[in-house]
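I opened a new page in my notebook for this protein. Here is what I looked up, entry by entry.

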Amino acid sequence: MPKLIIIDDEPNLRYSLKKSLETDSLEVVTAATAESGIAAVREHQPDAVILDVRLPDMSGLDAFSIIHELDARVPVIIITAYSTTETAIDAMKRGAFEYLLKPVEFEKLLTTVQNAIDVSLMSRTPAQFGIDSDGDTSADQIVGRSQAMQEVYKLIGQVAPQDVNALILGESGTGKEMVARAIYQHSRRAERPFMAINCAALPENLLESELFGHERGSFTGADKRRIGKFEQVNGGTIFLDEIGDMTPATQAKVLRLLQDGSFERVGNNETIRVDVRIIAATNRNLLQMVREGTFREDLYYRMSVFMIQLPPLRERPEDIPVLAEHFIHLLNRDMQKQIRSIAPDAMQRLKHYRWPGNVRELQSAMKHALVRNVGEVLTVSSLPDTCRDIRPTGSEKHRSELDAENIRNFIHDLLSHDQPNVYQELHSEIDRILLPEVLNHADGNQAHASELLGIARSTLRTKITDLGLTFEKRLKADSDTR
């Protein structure tokens with residue numbers, strides 16, 4: 001279970017934060033002094049720390065330095081009642097995860113804590129190759145015994161110890177993030193900070209600020225100086241997911257960083273130098289984007305010194321049985337199920353489905369099947385409709401057709417198995433139908449699709465990523481524009 005340590009000398013604040021943040025899936029430990037907080041860090045090896053700037057026995061900045069020496073990978077969230085203090089900003093420069101002003105807005109703190117724990121788990125949970133023979137489920141595993149995956153493992157082993165940047169290519173759901181973590185964890189910087197940024201999940205006008213930081217007043221809403229991720233993770237590794245979604249301005253700044261390790265914060269001419277290893281990933285065709293003029297050619301060649309191309313699941317069908325069994329093993333534990341095997345006809349359906357969402361879609365399908373399955377053998381009837389109703393190859397529009405009766409049956413299945421998050425499960429199933437239809441209608445144009453759906457473009461991108469869906473933007477024929 002993830003652990004959070006709160007170090008603050010205000011008893012009421014410690015109590016309220018512990019009461020508000022502690023859940024069945026997060027343990028919270030509190031300390032009133034820097035000394036006791038540092039001791040708690042040594043004892044509990046937390047996934048995140050909330051640290052006050054002013055403590056009775058030591059400054060928060062000094063306490064941060066000690067915690068950072070104990071483990072530079074632990075995200076530390078600085079909280080302070082002094083909005084002009086330079087100590088919090090100095091801590092950010094030295095690698096603190098975030099700083100927040102008292103009184104702390106709870107929703108902001110909750111989001112920050114969750115992000116910090118996610119980053120910590122990504123950097124500290126081992127990414128292993130193959131399936132652990134001891135059945136260890138504490139590690140995230142890159143599963144696959146096919147020749148294509150063996151080649152991927154070799155490439156990871158070659159690039160990880162070399163202090164060079166790497167570019168990971170592959171469709172959504174093929175495991176690019178897992179490969180990035182494996183490179184980091186087998187690198188010389190494995191004990192240094194690690195940060196992951198999804199370039200597609202941030203609004204275009206905020207990504208540059210998130211990466212490089214900004215000065216107070218540099219744009220509307222910039223009410224204080226912000227230290228960017230590159231500055232925070234100095235000496236460590238940063239993973240830029242969906243690098244193909246960067247704006248030209250941000251691409252230019254990343255290129256300069258790759259060339260000489262320098263940049264300026266937004267709204268400041270002071271040059272900042274950092275030593276950061278960049279691992280980037282995208283599901284887009286960067287060479288095609290270079291030809292179209294939407295991705296810088298010089299940046300592409302800087303990033304593509306070492307490339308790893310992840311194969312889609314449909315090109316390694318021999319890995320489907322071992323992946324399915326792996327997910328069943330994990331889900332049995334999480335969902336308290338006892339699925340022992342997969343019926344032969346069900347396995348045939350899995351092997352012959354095209355898996356447009358790749359490994360992520362297979363994992364979702366296994367979760368769906370475990371919710372619906374009765375008994376110890378996973379049967380065809382428990383599989384999602386997309387996998388059961390295999391259509392001729394050449395058509396990859398395998399979507400379930402949920403009418404009102406099917407929706408009711410799906411809800412009843414979830415409720416009969418005491419499945420949590422019924423609302424989210426149902427909406428995810430509906431999104432699998434809704435999003436492809438709207439995006440196809442919009443010729444793959446996400447801006448137009450988000451307008452039709454009435455949601456933000458960033459929300460649409462997140463849903464597409466979470467569901468493992470892939471779409472290409474199609475240009476209309478000349479006759480359509482005349």
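**Entry 1. Ground rules and overview**

I call a residue buried under 20% relative accessible area, exposed over 50%, and partly exposed in between, using a 1.4 Å probe and protein chains only. Of the 482 residues in the protein, 50% are buried.

This is a predicted model, where local features need pLDDT of at least 70 and side-chain atom pairs count only at pLDDT 80 or more, while totals for chains, interfaces and linings use all residues. Residues are numbered from 1 along each chain as its sequence is written, and side-chain values use heavy atoms, with hydrogens and water left out.

Next I looked up the secondary structure. I take helices (H or I, at least four residues) and strands (E, at least two) as DSSP runs, numbered from the N terminus. The protein has 20 helices and 18 strands.

Then I turned to contacts, which I count when heavy atoms lie within 4.5 Å. I took the contacts with a separation of 6 or more. Of these, 69% join residues 24 or more positions apart.

**Entry 2. Helix α2 and the residue after it**

Which residues of helix α2 are buried? I found Ala34, Gly37, Ile38, Ala40 and Val41 in this helix, which spans residues 34–44. They sit on the same side of α2, because they cover an arc of only 155 degrees around the axis. The arc is that of the directions from the helix axis to the C-beta atoms.

What covers these buried residues? The cover includes the strands β1 (3–7), β2 (27–31) and β3 (48–52), and also helix α3 (60–70). On the face turned away from the buried side I noted the exposed residues Glu35, Arg42 and Glu43.

Gln45 comes just after α2. It lies in the loop between α2 and β3. Its phi is near 45 degrees, a positive value in a residue other than glycine. Gln45 has a relative accessible area of 57%, so I list it as exposed.

I noted another positive phi in a residue other than glycine at Gln336, near 55 degrees. Gln336 is in the loop between α13 (320–335) and β17 (341–342). Gln336 counts as exposed because its relative accessibility is 73%.

**Entry 3. Helices α1 and α5**

I checked how helix α1 (residues 11–21) meets helix α5 (residues 106–124). Their axes come within 12 Å and cross at roughly 65 degrees. Axes here are lines fitted to C-alpha atoms, for helices over the stretch in contact, and angles run from 0 to 180 degrees between N-to-C directions.

Which residues meet? Leu17, Ser20 and Leu21 come from α1, and Phe106, Leu109, Leu110 and Val113 come from α5. By class, this contact has six nonpolar residues, one polar and no charged.

Pro103 lies in the loop between β5 (98–101) and α5. The peptide bond from Lys102 to Pro103 is cis, with omega near -5 degrees.

**Entry 4. Helix α7 and Arg189**

How many of the ten residues of α7 are buried? I found nine, so the helix is mostly covered. Among them are Lys176, Arg181 and Tyr184.

Arg189 is in the loop between α7 (176–185) and β9 (194–198). Is Arg189 buried or exposed? It counts as buried, because its relative accessibility is 8%.

What does its side chain reach? One partner is the backbone oxygen of Gly235, at 3.3 Å. A polar contact of 2.8 Å also joins the side chains of Arg189 and Asp275. A polar contact is a pair of N or O atoms within 3.5 Å; within protein, one must be able to donate a hydrogen and the other to accept it, and residues adjacent in sequence count only if both atoms are side-chain atoms.

I left aside neighbours within four places in sequence. Arg189 is then in contact with residues including Asp163, Tyr184, Thr237 and Arg277.

**Entry 5. Leu167 and Glu297**

Leu167 is in strand β8 (residues 166–169). It is buried, with a relative accessible area of 1%. Not counting residues up to four places away in sequence, Leu167 touches Ile243, Tyr300 and Met303, among others. Phe239 is 72 residues away along the chain, and its C-alpha atom is 9.8 Å from that of Leu167.

Glu297 is in helix α12 (residues 297–303). Glu297 is partly exposed, at 46% relative accessible area.

Methods. Nonpolar A, V, L, I, M, F, W, Y, C, P; charged D, E, K, R; others polar.
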